[in-house]
Amino acid sequence: MPTPQDKKIEDMSWLEQVDLFRRLSLFPAITVMVFIRRKIGFRVMNPTWLIILTIIIFIFPDLPGGLPSPTDGLMKFYALVMLALGLFHRSRRWRELCRGERWHTYSPGISILEFLPLPGFLKSNRRVNRFLDPALVVIIGLIILALSKPLGIWIIFSAFFLYVYEQNLYEKQLARDLDILDGMVAAEVQEETVKLFEGKLTENIQRPLAETAGIPTGLAPDIHKQIQLRRAKRTPPPDNLATETPEGRV
């Protein structure tokens with residue numbers, strides 16, 4: 001059976017297409033991340049990706065429907081600087097890894113805006129990365145539009161994908177954290193259920209959702225009987241219990 005990666009786009013469901021769009025958003029986002037982030041992960045700065053992106057930026061004004069401009073040289077200069085910065089980030093992360101410094105190789109980096117005296121509300125929940133960074137890039141793109149229309153449009157285009165990438169990253173991390181929390185809650189409820197089974201079992205134990213943190217629990221009567229039988233088998237007879245033997249009562 002083909003995986004979502006092997007499917008053609010037209011054969012994907014709309015949810016798979018959205019997921020593919022989110023995953024691909026990293027690539028245009030990289031072209032601005034190298035300018036506004038530090039400590040970008042080693043594997044994010046993949047040389048092959050950087051070279052392909054450099055070529056795309058080079059030919060962007062010449063694409064069908066492109067926007068040729070007398071200042072196309074500025075866009076080529078931008079592409080070369082982006083490539084050089086990306087390789088610099090990668091080289092620096094490699095040296096840090098070799099020194100034993102702990103840093104995730106897929107880290108999106110730290111925004112230069114993190115050093116500003118921003119309110120705590122903006123610095124929490126990755127709001128700087130998700131909102132302020134894309135807004136900063138859009139402002140820069142609007143300014144550059146006056147100098148080079150193709151470059152300004154590219155930067156604004158990349159700002160949108162930076163937002164998509166960061167939002168997707170945030171939602172995935174939030175989902176992982178909530179999964180951990182749900183696992184802890186489920187473990188606590190299961191522990192309470194085990195304690196309930198160890199006590200006196202009734203014909204049907206059905207705990208309300210309000211008492212189980214929203215987790216449905218409760219067993220059917222036939223399963224209760226099986227639990228009772230298993231508990232009876234595991235329970236040793238009292239030491240002072242008289243038993244019958246062929247020789248008589250002892």
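Helices (H or I, at least four residues) and strands (E, at least two) are taken here as DSSP runs, numbered from the N terminus. The model is a predicted one, in which local features need pLDDT of at least 70 and side-chain atom pairs count only at pLDDT 80 or more, while totals for chains, interfaces and linings use all residues. Residues are numbered from 1 along each chain as its sequence is written, and side-chain values use heavy atoms, with hydrogens and water left out.

With these conventions, the protein has 8 helices and 4 strands. Read from the N terminus, the order of elements is α-α-β-α-α-β-α-α-α-α-β-β. About 16,300 Å² of the protein is exposed, and carbon and sulfur atoms supply 65% of that area; accessible areas come from the Shrake-Rupley method with a 1.4 Å probe, and for residues only the protein chains shown count as cover. Of the 250 residues, 30% count as buried, where buried means under 20% relative accessible area, exposed over 50%, and partly exposed in between (1.4 Å probe, protein chains only). Contacts (heavy atoms within 4.5 Å) were also sorted by sequence separation. Among those with a separation of 6 or more, 63% are between residues 24 or more positions apart.

Helix α2 (residues 26-36) is a good place to look at burial, being mostly covered, with 9 of its 11 residues buried. Among the buried residues of α2 are Leu-26, Pro-28, Ile-30, Val-32 and Ile-36. Thr-31 also lies in helix α2 and counts as buried because its relative accessibility is 0%. Beyond its neighbours within four places in sequence, Thr-31 is in contact with Leu-53, Ile-57, Tyr-78, Met-82, Trp-154 and Ser-158. With Trp-154, the side chain of Thr-31 makes a side-chain polar contact at 3.3 Å. A polar contact is a pair of N or O atoms within 3.5 Å; within protein, one must be able to donate a hydrogen and the other to accept it, and residues adjacent in sequence count only if both atoms are side-chain atoms. The C-alpha atoms of Thr-31 and Gly-86 are separated by 8.6 Å, although these residues are 55 positions apart along the chain.

Turning to charged side chains, a search of the whole structure finds 8 salt bridges, each defined as a side-chain nitrogen of Lys or Arg within 4 Å of a carboxyl oxygen of Asp or Glu. One of them joins the side chains of Arg-22 and Glu-171, with an N to O distance of 3.4 Å. Arg-22 lies in helix α1 and Glu-171 in helix α7 (residues 149-198), so this pair ties together parts that are 149 residues apart in sequence. Both partners are partly exposed, Arg-22 at 31% relative accessibility and Glu-171 at 32%.

A salt bridge also links Glu-96 and Lys-39, whose closest N and O atoms are 3.2 Å apart. Glu-96 belongs to helix α4 (residues 72-98) and Lys-39 to the loop between β1 (37-38) and α3 (47-59), so the pair ties together parts 57 residues apart in sequence. Glu-96 and Lys-39 are both buried, the latter at 15% relative accessibility. Lys-39 further has a positive phi, near 55°, in a residue other than glycine. Between Glu-101 and Arg-99, the salt bridge has its closest N and O atoms 2.9 Å apart; Glu-101 is partly exposed at 34% relative accessible area, whereas Arg-99 is exposed at 55%.

Salt bridges also link Arg-37, Arg-126, Asp-133 and Glu-166 in a network. Arg-126 is placed in the loop between α5 (120-123) and α6 and is partly exposed at 28% relative accessibility. Its phi is positive, about 55°, although Arg-126 is not a glycine. Most residues other than glycine have a negative phi.

What of Arg-127, in helix α6 (residues 127-144)? Arg-127 is buried yet has no salt bridge, and the nearest side chain of opposite charge, Glu-114, is 11 Å away; here Lys and Arg count as positive and Asp and Glu as negative, with His and the chain ends not counted. Leaving aside neighbours within four places in sequence, Arg-127 is in contact with Phe-121, Leu-122 and Leu-132.
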